[in-house]
Structures are given as structure tokens and as C-alpha cells.
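Do you have your viewer open and a selection box ready? Let's walk through this structure together, one selection at a time.

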Amino acid sequence: MADEGSSEVVSPIRSVVIVSAGASHSVALLSGNIVCSWGRGEDGQLGHGDAEDRLSPTQLSALNGHEIVSVTSGADHTTAYSESRKEVYSWGWGDFGRLGHGSSSDLFTPQPIKALQGLRIKQIACGDSHCLAVTIEGEVQSWGRNQNGQLGLGTTEDSLMPQRIKAFQGTPIKVVAAGAEHTAAVTEDGELYGWGWGRYGNLGLGDRNDRLVPQKVYLPDGEKMHMVACGWRHTISVSSSGVLFTYGWSKYGQLGHGDFEDQLIPHKLEALKENFISQISGGWRHSMALTSSGKLYGWGWNKFGQVGVGDNIDHCSPVQVKLPLDQKVVQVSCGWRHTLALTERQNVFSWGRGTNGQLGHGESKDRNVPTIIEALSVDGTGCQQIESSMADPSSGKTWVPPSERYAVVPDESEQVVSVKGNGGDVDVPETDVKRIRVDNQSLK
């Protein structure tokens, strides 16, 4: 979407290294340490210095030269990490301190998180309103919203800056995952932990109670876990032998067990037991699993086609997602209502909800089958013709006038006020109406 603040970049042929899907936006890391973002931008989550949506991938110029090696999308915020600079950057919606800068201000361009400066980070996980970072040494820092204990700090107070999870002292963590209000982790020894909001059994602890600090999940038959991912209120884990387990909320079939029953402990997904699972991702109400042979399976909520199997009906069991020319998938990422996949052929596909341009096709149509993002794919334009935002990274822009941010959406009258609560579904609109936020300043 060209405008006065954008220009087209003609660059050498590049390939996509990482894709990450947020609530209604998407981010990609390209070879050459180039970051692109597209989709909804009303809270600054795209990092282009404005509140505009982008219908096509747009280079995030503010991070040029920062040697970014990873990007991670939260619901309405984004993070990136520079290994050479040992800096984590964040931008987007800042409520509850999810950006880690010591305030709740929104940021429209990436800014380094001072509390993490100098740390060697191996992984970052972003949920709806909280984040975690795992250091090379296996320590975990958490920050953001904490009304259900999802930060693992032993309290329910939000944290505006990263704090180390002391409960993991002496227990190196391999990987963490963040859901809406819950968190999961796998240790270097293969143990699985859960904490935060547990109403649907999504902590895997056999009950529906919250936990304010990490608690070990019982694993049958001495299973050792290798990876974990969180959906909004469900959890997916994979053992070292490639066996997939799911637990938590299953109202839309997102656990994949052929029914709509919640599971309070990790439950083996029998439908995929013959496959070695190499990667997993959880969306708002849908799930994806990638096998070691490059086959992709999806299940769960499918109102907008986010499962990617050519229909719009929910699936309570895994269904194989077919890509053109039977391309093998090497990476998958679930957003709230859309999905991204990277293939071995170095093509990027997207499907599901497209109303804010989060699919990256230059339009706002939904898709219920994988559709190539031409701008990012070798079989398209090979990342050679990508718009670039011209935001000044030194501006630290933190505010955009409400008239620019919360434009009236045609044919939408619903207003959603984001408030602290216990995580009820009322926090998330069924439609894509832009949020109206109320604070003390606006009432004066």
C-alpha cells in the first residue's frame, strides 16, 4: 500500500527465514537480516511509524542495519532480536507493560528493551499481553500482563519490565510458549511446566486452577518433551520421540481428538501417532502440526478458512493441508484467524482471515486454501519488489492521533473496551471491529 511514507525497494533476490503471525498482523525475517511486516497496524504493531494497515509485506526500515536474527509476533505487538548487538526490540500495543519498557505506552517504531540489553537470547515467546525471553544459559525473563499469574513470578501484578522467573533457578529452560493468559515451558531435561490461567485444563495439571508459579506436568511412561506451543487457551507439546500431545480448551476441536471435550492433562493425538512431529503452532482456536517429511496438518476453528483445507467448517481431527506442487513445509505459524507457512522451495503461503491485509496478497480477502505471497516467494518476485517504510527509528514515536488509529469501520457498530478481567471471551471481538480503548485521560 504505497503512500508518501513508503518507497519501493528493488533488492537482490532474498529468501524468507522466519514467519510469525499475530492476531491480525504478520512478520517475516528475510535473509540479509531484513524484517518485513504487514496486516493490521492500528496499534503500531507493524513498526512503520504510523497506524496504517499494510496489505502487502513492507520492509521495516527502522531495523535496517541492526542484524536482526529472530522476530516474534504477539497479538498486537512484535519483538525482534539482534544477536550482534545483544538487544531485544519491541513495538506495538503497550497496555499492561507487554513491550517491557517500563510503561504502558504504545510504540510505533521498534525500541530496545533496556532491561534485556547485553543478554544472549535464544528464544522469545509472545502471548496476547505478555512476553518471555529465554537466555542462552536457560534463564527466563517475563513481563507484561499478569492477572492470572502467567508471568510465573508468584503474584498477579503486571510487570512493566522484564523480571527473572526465580522458580527456575538451577533448572535450565529449553523453550517457552505463551497463550492468552497461560504459559508453558520445556526444560533442557525434557520436563514440561505450566502456569497462569488454568480454567480449561490448559496447564496440563489435572485441574482447572490457576498457578502463579511454574508447576511440573506429570508425563506418563517417562515421556520427555522436546517442544511446546500455546494456543489461546490450549496447549500442544511434542515428545523427544516426535509424539504429539494436546490439552486444554476444545470447544472448536482445537485439540484434535475427534471430539470437543477439554483435556486436563496431556493427551496423545492418536490420529498423528504414525508421524514424527517436527514443529507445532497454536492459534486462537486452531492448531497446526508439521511432520518430519514436510506434511502439514491442521484442525480446530475454521470460520475464516484458517485450517486451510478448502472449507469453512470446524475440524476436530487433523486434516492434511495441501500446498501447490505438493511442496514440503519447513515452518508454520498460527495467528488468531490466519496461518502462515514457509516451504522447502522458499515460498511463503498464507490463508484464513484477510480483512486487514494480514495474508499479504495486496487485498483484504479471506482465503481457505494456502495462497502464495508473491512478494516473499522465490516463485514470485523473490523479495525484490517490496515497499519500505521510511519511519525515523530515532524518533521513538509513541503516539498517533486517535482519529488516525481508530477510524470508523464501515458496517460495523460494535465497540469493544479492553479491560482487566479473568480472561473471558468478551475480551476478544468475534468481528474485526477496531478496538475503542477507554482510559482516565480520555474521560477528563
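The stops below go from model confidence to a pocket and then to a group of aromatic rings.

**Stop 1: colour by confidence**

Start by colouring the chain by pLDDT, since this is a predicted model. The average over the chain is 89, and 85% of the residues score at least 70. Now select residues 402–444, where the pLDDT is below 50. Beyond near neighbours in sequence, the model gives this stretch 84 contacts. Next, select residues 1–9, which also stay under 50 in pLDDT. For residues 1–9 the model has 28 contacts beyond four places in sequence.

**Stop 2: the largest pocket**

Which residues are closest to the centre of the largest pocket? Select T72, Q123, I124, Q279 and I280 to find them; the full lining has 49 residues. The space in this pocket is about 1100 Å³.

To see what surrounds that space, show the strands that each give two or more residues to the lining: β2 (16–21), β6 (68–73), β10 (121–126), β14 (173–178), β18 (225–230), β22 (277–282) and β26 (329–334). Give β10 its own colour, as a marker for the largest share of the lining, six residues. If you then colour the lining by residue type, you will find 27 nonpolar, 19 polar and three charged residues.

**Stop 3: a ring pair across the sequence**

Turn on the side chains of the aromatic residues; the whole structure holds 11 aromatic pairs. Zoom in on W232 and W336, an edge-to-face pair with 5.9 Å from centre to centre and 85° between the planes. Where in the chain do W232 and W336 sit? W232 belongs to the loop between β18 and β19 (234–239), while W336 belongs to the loop between β26 and β27 (338–343). The pair links distant parts of the chain, with the two positions 104 residues apart. Both W232 and W336 are buried.

**Stop 4: a second edge-to-face pair**

Move on to W301 and F304, whose rings are also edge-to-face, at 5.7 Å centre to centre and 85° between the planes. Are these two buried or exposed? W301 has a relative accessible area of 4%, so this residue counts as buried. F304 is buried too, because its relative accessible area is 7%.

**Stop 5: the whole cluster**

For the last view, select W197, Y200, W232, W249, Y252, W284, W301, F304 and W336 together. Ring pairs link these residues into a cluster, and both pairs you have just visited, W232 with W336 and W301 with F304, are among its members.

Definitions and conventions: Residues are numbered from 1 along each chain as its sequence is written. This is a predicted model: local features need pLDDT of at least 70, side-chain atom pairs count only at pLDDT 80 or more; totals for chains, interfaces and linings use all residues. Side-chain values use heavy atoms; hydrogens and water are left out. pLDDT is the predictor's confidence in each residue, from 0 to 100. Contact means heavy atoms within 4.5 Å. On a 1 Å grid over the protein atoms alone, a cavity is a set of points where a 1.4 Å probe fits but cannot get out, and a pocket is an open set with protein on both sides within 12 Å along at least five of seven lines; lining residues have an atom within 4 Å of a point. Grid points are joined across faces, edges and corners, and a volume is the space filled by probe spheres set on the points. Helices (H or I, at least four residues) and strands (E, at least two) are DSSP runs, numbered from the N terminus. Ala, Val, Leu, Ile, Met, Phe, Trp, Tyr, Cys and Pro count as nonpolar, Asp, Glu, Lys and Arg as charged, and the others, Gly among them, as polar. Rings of Phe, Tyr and Trp (its six-membered ring) pair if their centres lie within 6.5 Å; planes under 30 degrees apart count as stacked, over 60 as edge-to-face and the rest as tilted. Buried means under 20% relative accessible area, exposed over 50%, partly exposed in between (1.4 Å probe, protein chains only).
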